[in-house]
Amino acid sequence: MWLVRPAQPDDLEQILEIAGTQSARLSSTLPKQSEALAQKIEHSVASFAGRVPAGEAPRFLFVLENTATGSVDGTAGIDARAGNGQPFYNYRRDALIHASHELGVSRRVEVLYPSHSLTDQTLLCSFSIRPELRSTEAFELLSRARMLFIAEHRDWFSSRVVVEIQGVQLEDGSVPFWDSLARHFFNMDFETADQYSAMLSKTFIAELMPPNPIYVTLLTEEAQSALGRAHAMTAPNFELLQREGFHAGCYLDIFDAGPVLEARTDSLHTLVTSHRKTLHGRHDEAGELCLIAAGEASDFRCTLTHVEETLDDELKVSVKTWPVLGKSAGDVVRIAPL
């Protein structure tokens, strides 16, 4: 079975292995260095336990575990507050009208404004999975388990949720938007800046970037065409998030101009369709395949199983699901259709 649970320090080496894959490199918030990743896991453990230091925001990291082998095959995260106490920078896409009455000329010019308006909104992040599991039920479980966690701990999170989608990167590793704009202000390539972002934050980028609006017409044609476009490898996650209720707004990632998706937390598909049930009986594989979550905080567990709902608000699930969730008859779980 597949299980999503909070990351633990013992998962470090396996997460580092995942972080080295091409899929994980699409996650700028998953550190690729052992020390930085260990600190991220420690902060997550403290967040689940409610022991986050004053002035810091909870940051939760989950892993996808194959219960048959014990292997960790994916990660997914939630930052309760984007920026984690610092400004969370993006570019806001807008336009100006340049006009001359005397010449009879009027032109609409697209502009990018540095913005931190999304600061303190809940952020989905650190999503990575082994390539062979993309477009599988495990992929959807890993992503949507976070929504069930939010549903069970609703007061921990903000009224809106955002997620940054990796932008265009060419086969030779170049990033058109970065190369056209940010590279002029930094003596580093995109990969290096992305690593710093994972270890620190994107604040250092914004602090060194010009605070002035960026006229899109001054960027290269490749950079202009990359605005708001997602990396091809993110397509499965992009489509899943759209089904969840996310939509692309006017904000772009400050590194690569990838789209920033937004949604009202209480309108997320998984939150709307999920509901609580009481475990009652056991049965073999039958009924509807659903996500099923149980436990609070560090005891949170989420898996996939076939369920059978009764008229008296009770639930029968597959025999093998009970020990995975650590629950028994009379315990309350939350389910959502796959």
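Two residues are in contact when heavy atoms of theirs lie within 4.5 Å. The legends below use the word in this way and describe a predicted model.

**Figure 1. Surroundings of Ile214 in the predicted model.**
Ile214 belongs to strand β8, which covers residues 214–215. Setting aside neighbours within four places in sequence, Ile214 is in contact with Tyr91, Glu110, Val111, Leu112, Leu181 and Leu219. One of these contacts is with Tyr91, and Ile214 and Tyr91 are 123 residues apart in sequence. In space, the distance between them is 9.2 Å, C-alpha to C-alpha. Is Ile214 buried or exposed? Its relative accessibility is 10%, so Ile214 counts as buried, because buried means under 20% relative accessible area.

**Figure 2. Surroundings of Thr321 in helix α10.**
Helix α10 spans residues 321–325, and Thr321 is found in this helix. Thr321 has a relative accessible area of 0% and is therefore buried. Apart from residues up to four places away in sequence, Thr321 touches Met1, Ile292, Thr303 and Thr305. Which side chain does the side chain of Thr321 join in a polar contact of 2.8 Å? The partner is the side chain of Thr305.

**Figure 3. The second largest pocket and its lining.**
The volume of the second largest pocket is about 150 Å³. It is lined by 10 residues, and those closest to its centre are Met1, Leu289, Leu304, Thr305 and Lys320. Which strand gives the most to this lining? Strand β13, residues 301–309, does so with 4 residues. By type, the lining residues divide into 4 nonpolar, 3 polar and 3 charged. Two names return here from the previous view: Met1 and Thr305, which are both touched by Thr321. Rolling a probe the size of a water molecule over the atoms shows where empty space is left.

**Figure 4. The whole protein, for placing the close-up views.**
The protein has 10 helices and 15 strands. Of its 338 residues, 54% count as buried, and Ile214 and Thr321 are among the buried residues. How much of the contacts with a separation of 6 or more comes from residues 24 or more positions apart? Such residues account for 70% of these contacts in the protein. The accessible surface comes to about 15000 Å². Carbon and sulfur atoms hold 48% of that surface.

Terms used. Residues are numbered from 1 along each chain as its sequence is written. This is a predicted model: local features need pLDDT of at least 70, side-chain atom pairs count only at pLDDT 80 or more; totals for chains, interfaces and linings use all residues. Side-chain values use heavy atoms; hydrogens and water are left out. Helices (H or I, at least four residues) and strands (E, at least two) are DSSP runs, numbered from the N terminus. Buried means under 20% relative accessible area, exposed over 50%, partly exposed in between (1.4 Å probe, protein chains only). Accessible areas come from the Shrake-Rupley method with a 1.4 Å probe; for residues, only the protein chains shown count as cover. On a 1 Å grid over the protein atoms alone, a cavity is a set of points where a 1.4 Å probe fits but cannot get out, and a pocket is an open set with protein on both sides within 12 Å along at least five of seven lines; lining residues have an atom within 4 Å of a point. Grid points are joined across faces, edges and corners, and a volume is the space filled by probe spheres set on the points. Ala, Val, Leu, Ile, Met, Phe, Trp, Tyr, Cys and Pro count as nonpolar, Asp, Glu, Lys and Arg as charged, and the others, Gly among them, as polar. A polar contact is a pair of N or O atoms within 3.5 Å; within protein, one must be able to donate a hydrogen and the other to accept it, and residues adjacent in sequence count only if both atoms are side-chain atoms.
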